[in-house]
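Reader: I am new to this structure and should be grateful for a close look at a single part of it. Please explain the terms as they arise and show how the pieces of that part fit together.

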Amino acid sequence: MRYRTGAIAKRLLFIPVAVFIVITLAFGLVNLTPGDPALVIAGDLASDEHVAEIRAELGTDKPLPQRYAAYVRELFTERSLGTSFFTKRPIWDEITQRFPDTLELVVLGLLGAVLYGSLLGTLSSYFRRRWPDTLSRTSVTITQSIPDFFMGLLLIYVIFYIIGWAPAPVGRIGLLDRPPDRVTGAVILDTLIARDWGLLKTAFHHAMLPVVTLALFYSSHFAKTSRAVLSRALNSDQVEFARACGLSELRVVGYAFREARTPVVTYIGILFAALFGGAAIVETVFAWGGLGQWAIDAMLKLDVPAIQGFILVVGLLTLLVYLLLDLIVVALDPRVSYE
Amino acid sequence: MSRARLVLARALPQRATEPSEGGRAGRALRALGKGALTHKGLTIGFVVILLILLAGFFAPLPHDPIQPNPESTLQSPDGEFWFGTDRFGFDVFSRVFASARLDLPIALAGTLLSIAVGIPLGLAASNKSRWSERIMRGLDMFQSFPLLVLAFAIVALTGNTLQNIIFAIALVNVPRFIRLVRSEALVLRESRFIEAATAIGASRTRVMLRHVMPNTMGIVLAQASLAAAHAIIVIAGLSFLGIGITPPDASWGVMIRVGSQNIATGQWWVSFFPGAMVFVTIVAFNMVADGVTRLIGRAED
Amino acid sequence: MTAAAAPPTASLLEVTDLRVQFRSRRRTVHAVNGVSFAIDEGETVGLVGETGCGKSATVRAIIGLLKSPGRVTAGSVRLEGTDLVGLHPRQLRQIRGASIGFVPQNPFGALNPVLRIERQFRNVIRAHGRGRRAEIRSTALDMLDAVGIADPERVLRGYAHELSGGMAQRVVIALAMVLNPRLVVADEPTTGLDLTIQRQILDLIRDLAETEGRSMLLVTHDVGVVAQYCSRVLVMYAGQVVEAGPVRRVLTEPAHPYTEALLAAVPRRGERLVGAQGTVPTLLELPPGCFYYDRCQYRSDPRCATEAPSLREVGPGHWAAVHYDKGAGST
């Protein structure tokens, strides 16, 4: 136990350093890359004065160290990420407004990916080299080779256009529906709170295709990991002894699962973090209106403060997820203690 | 033929046996080429990629891929336009094949660049020194960024030139090569023939370049194929979002983007054919990776 | 092959002409080739042989846990009259743990790393019936006490990695015997433990067997262990029992050249066995004659090369698979 708390303390101490590095990286990415955003924003025909104006507004006319100092100062003293070049709204507001939507999509998509992927992996490892294994591995080969956005389009064509099970792939609820009162900002959660069951159904209906898209695409990771780990676990001495003691097959698979859960949980954490940016394309396909779609818009328009704010927030979020992940892994496995 | 086998066995290490001594990368590659003949998946994957690439450059296309036909927009596949046309009147068939001219070379160049950066860094990180600690720590931090979005942002900020796209792809893929080469080198350093080389007084650099590095080539090649598959997805994603390659240049991602506006109204062909091409290319790269893994005896079953 | 070493009275365990093959697309390994033996109530039988002689496959076939692609292709394993080969998996599961206790090689591998020991006891006991938490707890405490764990309360609360090697094996033995099985199968239960602890563990297993009148099949490659702990011994070679009989007789007057080589290879008790000269034949294709032909120093009978010898009685209760009578000439 002593060692465990020690390891955790060490990680906690590292956090301020990591935060600082993330801030610097986010700043560096936007400010050290070659190219002048002001020129692009202004367009080819703009006058020099206009370009200079934009530069002044973006702050890119000042020397680099000064900009960095100002950026960090603003961040810590005013807790501000700056304002969007185009909407003039604070970046922080833009992000928090959209964050719940993305969170909902990521959580549901990841849940689907974990369930479907682990199911495939379990079937694969339990019926190793028999037809369920072949079937599941073929399915993995296919889903991991279709880019998520193309998968989304295929689903739209088949399930919306041909079969008609899904609503038009635009937004979270119907165009004419009145959105629920904003409590958490997450549409599904808010309809639940408002006990608006009809709207909840619509929200789930709209979430179906994007969630399935993410789940299918990312399930291959879990299928492969769980197959490898479970196969090893099902062949282990531990499982043999459990069987020799007469434990039921269900229990035995449960024992194997316990061995597999650390890598699977690790994967969940890593993907969870990665999806806040990674879901951007799927958000765009389904006009989800979340963080990712907003960031892509910002990139297309070269809204420099927005891009910078997005990178910073996603970086910090990842840091947080990884920290939680470490804590969870330590809590799950009594052996992790000797570091 | 038997000599080729022998070379193959020597040049490509297997984990179960002692790694080979001093096999050169070139020899390993040549042996790999011969070995491909005995591995169906590897051969098929390789041939498919080669065909797509060659077709992109040399196949006679029925229509000009970057010249729209304004009088025939959004036509479904028929005798004239085999894969139909998009809403600008571009011939989908011609563009699907012409896209290989941009997409494949960019993917391969990006992968090569990430290998070129990844191998030396990976070797350096395998030394037990403060430097290696720093490289790995830095890598941890770097990887805790969502790399895909980072790549999007970089291309958006620096402009969508070919170099920038290649650079972004290399950036996304470099960490996996550093990690892979490092872990391989760490295992190899413990092996007996490296010990022997060190014992007869070979310098550290020499051991690294002549003994460790060549023995990582097999697994690096397998990883490179996976990285290339990933690169295809990244390029398609960039272009799909409008950040990467832009019309009228032909790229699978651009084509899927154009077709995405019509798919909900039933004109499936504009997006479907480039998407299917992406799928085939990725499967082919995965097959090559699988085959190489099997060939060097690293497959799990 | 007749019911070799089996006495006419019904035994607790009767293995008859057991054959095990590992079949893959490319090749078939004949791991066990017609093994027959019996174990009586309260008897401890040793099973010795080199690595790869089929000991492990025999044991796995008995408890019904052959790993794929291993399969019993012929023969029967009767426990108190019931044939375990081809028994429905659910019934077989009821027998494992309750009627046959299994003590594996590696105690750390055998214990679940992320479950508390108490939970593992509960799972085993509940797999064969119901039980209240408190009852199970006291049963487990008694059992841990019986295997010589000094602080059973603490062990019950802890995890496998907190135990020493000897303690872990004691816990494994307690788990294997907590349901009071009539037969204990111990597969090299002391490999990997240091010498003094090996003795303690073997003494413990013997004591537990003796006090409850259990039967035991003790698999080992250590002839010294057999000499000290078993009443009867089976010597395995290339998937066959080549010699069987009372320990004292087999060890002093070996009838099979392989047993002789085994004994000659024992430098001192407790040390590892160095095998006979040459190697075990690859069990991919079975030779027509005696499996030991290539390594045998006595081969003389013309049948040795062409006909596989079957077990025949060379003394009271002493059987050996040889064509000639070595003892007649030399001693």
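Author: Helices (H or I, at least four residues) and strands (E, at least two residues) are DSSP runs, numbered from the N terminus. On that footing, Thr190(C) has its place in the loop between β7 (183-187) and α8 (195-212) of chain C. The model is a predicted one, in which local features need pLDDT of at least 70 and side-chain atom pairs count only at pLDDT 80 or more, while totals for chains, interfaces and linings use all residues. Residues are numbered from 1 along each chain as its sequence is written, chains are lettered from A and ligands numbered from 1 in the order in which they are written, and side-chain values use heavy atoms, with hydrogens and water left out.

The part chosen here is the eight-stranded sheet of chain C, together with some of its surroundings. Chain C holds 13 helices and 12 strands. Of its 331 residues, 53% count as buried, a word that stands for under 20% relative accessible area, with exposed over 50% and partly exposed in between (1.4 Å probe, protein chains only). Among contacts in chain C with a separation of 6 or more, 67% join residues 24 or more positions apart; a contact means heavy atoms within 4.5 Å.

The sheet itself is open, and its eight strands follow the order β6-β7-β8-β3-β9-β10-β12-β11 (chain C), with mixed pairing. Two strands pair if DSSP finds at least two bridges between them. Strands of a sheet pair through backbone hydrogen bonds, either parallel or antiparallel. At the edges stand β6 (100-103) and β11 (312-315) of chain C; each has a single partner strand, so one side of each is left without a neighbour in the sheet. From one strand to the next the twist averages 20°, where axes are lines fitted to C-alpha atoms, for helices over the stretch in contact, and angles run from 0 to 180 degrees between N-to-C directions.

Strand β9 (residues 232-237) of chain C deserves particular attention. It is mostly covered, with six of its six residues buried. In a regular strand the side chains alternate between the two faces of the sheet. Here Arg232(C), Leu234(C) and Met236(C) point one way from β9(C), whereas Val233(C), Val235(C) and Tyr237(C) point the other way, and all are buried.

β9(C) has two partners to consider. Strand β3 (residues 44-48) of chain C runs parallel to β9(C) and is joined to it by four bridges; within this pair, Val45(C) stands opposite Arg232(C). Strand β10 (residues 240-246) of chain C runs antiparallel to β9(C), with six bridges between them, and there Gln240(C) stands opposite Tyr237(C). β9(C) and β10(C) form a hairpin with two residues between them, and Ala238(C) in the turn has a positive phi of about 50°.

Helix α11 (residues 257-264) of chain C belongs to this region too. α11(C) touches β3, β9 and β10 of chain C as it packs on the sheet, and its direction makes about 105° with that of β9(C). In α11(C), the buried residues include Pro257(C), Tyr258(C), Thr259(C), Ala261(C) and Leu262(C). Their cover includes β3, β9, β10 and α10 (247-252) of chain C.

At one edge of the sheet, β11(C) and strand β12 (residues 318-320) of chain C pair in the antiparallel sense over three bridges. Glu313(C) in this pair stands opposite Trp319(C).

The loop that follows β7(C) brings the account back to Thr190(C). Thr190(C) counts as buried because its relative accessibility is 10%. Apart from neighbours within four places in sequence, Thr190(C) is in contact with Gln198(C), Ile201(C) and Leu202(C).

Another sheet of chain C may be set beside this one. Four strands form it, open and antiparallel, in the order β2-β1-β4-β5 (chain C). Its edge strands are β2 (28-39) and β5 (82-83) of chain C, each pairing on one side only. Strand β1 (residues 13-23) of chain C is joined to β2(C) by nine antiparallel bridges, and the bridge partner of Gln21(C) in β2(C) is His30(C). Helix α1 (residues 55-63) of chain C packs on this sheet, touching β1, β2 and β4 (70-79) of chain C, and its direction makes about 115° with that of β1(C).
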